[in-house]
Amino acid sequence: MMMNCGAMNATTPSSTSWSASHSSKIPMLLPRAIWSTQRMCCGSGVHVHTCVSTNVSKNAKDSMVWSGTSPSLYSKQPINKFLLPLRALVTSTSEDVPIASLIGREKVGVLLLNLGGPETLEDVQPFLFNLFADPDIIRLPRLFRFLQKPLAQFISVARAPKSKEGYASIGGGSPLRHITDAQAEELRKSLWEKQVPAKVYVGMRYWHPFTEEAIEQIKRDGITKLVVLPLYPQFSISTSGSSLRLLESIFREDEYLVSMQHTVIPSWYQREGYIKAMANLIGKELETFDHPEQVLIFFSAHGVPLAYVEEAGDPYKAEMEECIDLIMEELEKRKIMNAYTLAYQSRVGPVEWLKPYTDETIIELGKRGVKCLLAVPISFVSEHIETLEEIDVEYKELALKSGIEKWGRVPALGCEPTFISDLADAVIESLPYVGAMAVSNIEARQSLVPLGSVEELLAVYDSKQRELQSPVMVWEWGWTRSAETWNGRAAMLAVLVLLVLEVTTGQGFLHQWGILPFFH
C-alpha cells in the first residue's frame, strides 16, 4: 500500500536548515564530535575500532549548516563532505583466505552472542531478575554488594506486571530466541557453502540458551577453533562488553577452554554487506510511500547512559554515527538523497542517556512540519520488544499524535541473505587470527579477548566503573557527580537501611511477600 506524504508544512524549508525561530536543542549528525579514542586494526577481515584521530578544517567548519545557535535537525548532505572520514567501508576479502590450510583437521565453531528475552509471560520476572542481577546494570557500593540479588529480586517483581503487558501485546513473549536460532542456522549453511564446515552456537546473556549452556555444548562437540561473534553491529560495554566479560570469567575457570584457540569480532557495523543489506531494506520501505523523496529517514538506536561514552570511553556513539554515515553514502549512490536524523530510545532510570531521545525528537519533528517518517531500528538485527512494542506501538502512536501523517518502519535484518552472507565472510576473514594471540599457558593467560582494543576498553571501563552512573538507578555513595543525579539521598539511605534490616533480622515486608525466602 502506498503512503501519501502530502505537501510539507509551509513553514518547512526546502533546504536542510530550519529557520532561526525553529532552532532546537536536538542535535543532528551534522556536525558531530570527532572520536579520537585509540583504535586498532587486525588485518583485512577483522577491523577492530580501526582508525585515526581527525580534526575539522576551518573551511569545513564554515560550510556546516547551522540554524540560529543550534545545528540543523536533520541533513540531506553526506557528512564526509564536511569531515575527514574515520574509515572507509570494509569490503569482504573472504575469497583471499586460504581456508583449507587454516582449518585442516580443526573443528571450527562460531558462538553468536545476544541479550536473550522471555519466551513466555511466566519467563518475564526471572528474566528481569537475571538482567538486574548483573553488576553492569545495577551497581552497588562494595559494602552493599551482598544485596545485589535481593535488590534484583525486588525490582524484577515490581517491574514484572508492566513488562508482562508489553510482552503480551507482541504475542506473549519475545521472538528473539526463534530469530537468533534461525540466523545461526542460515549462517551455518552459508559457511558450509563457502567450504567452511563450522558449527554455530547461540549464547544469550540473560535467558536460555545461556552462554554457559552454549559453552558446554561447544566442549561436548570438541571444538578446537572458536570465533565469537556478538550480534550487536556496534560495540558497547553494556552489550558486547558485558557478554565478553562473562565469557572471560568462564574461560578463566576451564582448562579445556584455555587450550582452545579463539578470537572475537567485537563490531562489524562498517562491513559492506551489512551496509548494503540495511540500504536494501530502507530503499524497499521508501517505495511504499507516494512521495519517497519527502520521507524523513529516522534512525532509532538503543541508548546507553551518557557516562559510558564520556567517562568510560565507550565507542558506541561514534560507531553508531559512522554506521549511519556509511548507510547514507550507500543510499546516495542509489540516488536516494532523503533527509535523515538519529535519536536514542529505551532509556530507563533518572540518569542522563545519549541524546537526542527518540520520543522527544518525534514530537519536535511533528512541530517542525514533518509529515512522513520512516523509522529504522539501527542497532537491532532481530525483532524484539524494543521494535515490536516500543517502536511499532508507542512511537508510532506518538508520531501520529504529533502531526506526522504517514509512518513506516524498516524491519530488522533477521535472515536477510546479504547480511547473513556477509557475517559468514566476517567469520572466514577472522580465521587467520584465531589463536594468533591466544595464551596457551594456563598460569599466564590474561583474557579471552585476544584483540587488544576490546580488552583495553573493558579495562578502562573497570577503572571508571565506580564513577559511572548505573543504567537503572544510581547507588553511588558520597559527593560524586553520579550521586548528584539524585536529589533524594535520604530516600536512597532509607532503602538501604530497610534492606539491611530485612537481611539481618529475617523480618519485614520483603519476607512477607516471599521476595527474600533465601535469607530465613
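Helix α12, residues 358–367, lies across four strands, β7, β8, β9 (372–377) and β10, and runs at about 165° to β7. Contact here means heavy atoms within 4.5 Å, and the angle, on a scale from 0 to 180 degrees, is taken between N-to-C directions of lines fitted to C-alpha atoms, for helices over the stretch in contact. The helices (H or I, at least four residues) and strands (E, at least two) are DSSP runs numbered from the N terminus. Helix α13, residues 385–401, also lies across β7, β8, β9 and β10, running at about 170° to β10.

Before going on, a word on what you're looking at. This is a predicted model, where local features need pLDDT of at least 70 and side-chain atom pairs count only at pLDDT 80 or more, while totals for chains, interfaces and linings use all residues. Residues are numbered from 1 along each chain as its sequence is written, and side-chain values use heavy atoms, with hydrogens and water left out.

Now for the sheet under those helices. Its four strands form an open sheet in the order β8-β7-β9-β10, with parallel pairing; two strands pair if DSSP finds at least two bridges between them. At the edges sit β8 (340–345) and β10, each pairing on one side only. From one strand to the next, the twist averages 25°. In general, strands of a sheet pair through backbone hydrogen bonds, either parallel or antiparallel.

Let's walk across it. Strand β7 (residues 296–302) is joined to β8 by six bridges, and F299 has L342 in β8 as its bridge partner. On to β9: five bridges pair this strand with β7, and S300 stands opposite P377. Four more bridges join β9 to β10, where L374 stands opposite G408.

How well covered is β9? Six of its six residues are buried, buried meaning under 20% relative accessible area, with exposed over 50% and partly exposed in between (1.4 Å probe, protein chains only). C372, L374 and V376 are buried on one side, and L373, A375 and P377 are buried on the other.

Next, follow the loop between β8 and α12, where you'll find S346. S346 counts as buried because its relative accessible area is 13%. Its side chain makes a polar contact with the side chain of E390 at 2.7 Å, and another of 3.3 Å joins the side chains of S346 and Q345. (A polar contact is a pair of N or O atoms within 3.5 Å; within protein, one must be able to donate a hydrogen and the other to accept it, and residues adjacent in sequence count only if both atoms are side-chain atoms.) Leaving out residues up to four places away in sequence, S346 also touches others, including H302, W353 and Y395.

At the other edge, E416 sits in the loop between β10 (406–409) and α14 (417–430). E416 is buried yet has no salt bridge, and the nearest side chain of opposite charge, R334, is 8.4 Å away. A salt bridge would take a side-chain nitrogen of Lys or Arg within 4 Å of a carboxyl oxygen of Asp or Glu; Lys and Arg count as positive and Asp and Glu as negative, with His and the chain ends not counted. What the side chain of E416 does reach is the backbone nitrogen of F419, at 2.8 Å.

Stepping back, the protein has 17 helices and 10 strands, and buried residues make up 57% of its 520 residues.
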